[in-house]
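Okay, thanks for coming, everyone. I'd like to walk you through one protein today, so have a look at the screen with me.

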Amino acid sequence: MDISRVDLNLLVYLDVLLRERNVTKAANHLGITQPAMSNGLRRLRDLFGDPLLVRTSEGMTATERATELQPLVRGILSDIERAVHEKTAFAAMESQRVFRIMASDYAESCLMPRVLRRIRQEAPHVTLDVLTPSDVSFLDVEQGRLDMAINRFDKIPQSFHQKTLWTEYFACLMNARNPILREPFTLDTYLDASHIWVSKTGFGVGVGVNPKDVQRLGWVDEALSLMGRKRQISVFTRHYQVAMLLAEQHDLIATLPSRAAWLQKDNPNLVVKVPPFEIPPFELKMAWSPLLQHNTDHQWLRRLIAEVAEEVDTEFAPFGAQFESAEVPGIHPSER
């Protein structure tokens, strides 16, 4: 094939068609008519000798050949975009850009208020659109529809760029008049109490929780399960702010990330305790598409978020030291 005879605009058409899987939506995205897009698809089929998109009961489905081509075409167009656009610094004070960030409820509570404050100071006309894990998918991140995902991830696509913002331990939050505080806070007294379960990580629409399915309840209950123990959960919630409010009930305990408990350190109605058993720590990370790695706007956002996370980590350190260095009976520090 003589590459000089290939219309590179067809690659733009293919990129959008494979992303939208719909001729009308692809045409609207590129600002052309539907017949023009249909003609482009016909030419693409001739060029590659493959139907590329096939109509099925679920809509337009990519063929195996199209699936192979998608990352290659996206990479070619990304390289061309970088080559033809002059790299200019992000003009924060003048920018009216919208940054879309997926943040877990935990990250939204502990990190995003400070991120917003910095953005308001450095880029007052920038808009921040914060989405929940249920709003997006890894595909949204991969294709650059989402600027950033901030969460704790069990798995993450290898193509994504990522940065750890901090390592997090767990804390127990309870009412200052909780009867459990009348005696030493041990594993047995912890298990005698009623508990608040809180978690919503990863991507996708949330579903109801089965209290008997320990493997899906999360790290706190898995840690107890390894010891052959189980706690009595009275309330299930997906929101850390709600869990912290519910902890003010006189007989409930919320076991949650220590930075979330730190937000309540000045609340006279609540007491923070080190968990009486070992719970593995986790890492809060930000992840983004390789398509945005060299974007100057995005580089500014990443720097700002990393700096804010470092500030939070420094301020939190005196309070957090008690959880990192906690001595749990039967657990040697080297085994942490």
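I'll start with the overall picture, then go through the two sheets, a helix pair and a few single residues.

A word on the ground rules. What you see is a predicted model, where local features need pLDDT of at least 70 and side-chain atom pairs count only at pLDDT 80 or more, while totals for chains, interfaces and linings use all residues. Residues are numbered from 1 along each chain as its sequence is written, and side-chain values use heavy atoms, with hydrogens and water left out.

So, what does the secondary structure come to? We have 13 helices and 12 strands. Helices here are DSSP runs of H or I with at least four residues, strands are runs of E with at least two, and the numbering goes from the N terminus. The protein has 336 residues, and 44% of them count as buried. Buried means under 20% relative accessible area, exposed means over 50%, and partly exposed is in between, using a 1.4 Å probe and protein chains only. The exposed area is about 17800 Å², and carbon and sulfur atoms supply 50% of that; the areas come from the Shrake-Rupley method with a 1.4 Å probe, and for residues only the protein chains shown count as cover. One more overall number: take the contacts with a separation of 6 or more, and 77% of them are between residues 24 or more positions apart. Contact means heavy atoms within 4.5 Å.

On to the sheets. Strands of a sheet pair through backbone hydrogen bonds, either parallel or antiparallel. For us, two strands pair if DSSP finds at least two bridges between them.

Here's one sheet: 5 strands, open, in the order β4-β3-β5-β12-β6, with mixed pairing. Which strands are at the edges? Those are β4 and β6 (161-168), each pairing on one side only. Neighbouring strands are turned by 20 degrees against each other on average, ignoring direction. Angles, by the way, run from 0 to 180 degrees between N-to-C directions, and axes are lines fitted to C-alpha atoms, for helices over the stretch in contact.

Two helices pack on this sheet. Helix α6 (residues 112-122) touches β3, β4 and β5, and its direction makes about 165 degrees with that of β4. Helix α13 (residues 296-324) touches β3, β5, β6 and β12, at about 10 degrees to the direction of β6.

Now zoom in on β3, residues 98-103, which pairs with β4 (residues 127-131) in the parallel sense over 5 bridges. β3 also runs parallel to β5 (residues 148-151), joined by 3 bridges. Isoleucine 101 is a nice one to click on: its bridge partner in β4 is valine 130, and in β5 it stands opposite methionine 148. Over at β6, 7 bridges join that strand to β12 (residues 282-288), and these two run antiparallel. Glutamine 162 stands opposite alanine 287 there.

The other sheet I want to show also has 5 strands, open and mixed, in the order β9-β8-β10-β7-β11. Its edge strands are β9 (232-237) and β11 (270-273). The twist averages 30 degrees from one strand to the next. β8 (residues 194-198) and β9 run parallel, with 5 bridges, and histidine 195 stands opposite isoleucine 233.

Next, a helix pair. α1 and α3 pack at about 105 degrees, with their axes 10 Å apart. That makes α1 roughly perpendicular to α3, a label for angles of 65 to 115 degrees; under 35 is roughly parallel, over 145 roughly antiparallel, and the rest oblique. The contact includes Leu10, Leu14 and Leu17 of α1 along with Leu41, Leu44 and Phe48 of α3.

Last, some loop residues. Is asparagine 178 buried or exposed? It's buried, at 4% relative accessibility, in the loop between β7 (170-175) and α8 (187-192). Its side chain reaches the backbone oxygen of histidine 250 at 3.3 Å.

Two residues have positive phi without being glycine. Arginine 21 has about 55 degrees and counts as partly exposed at 31% relative accessibility. Leucine 52 is near 65 degrees, and it's buried, with a relative accessible area of 1%.

How values were computed:
Polar contact = N/O pair within 3.5 Å; in protein donor to acceptor, adjacent residues only side chain to side chain.
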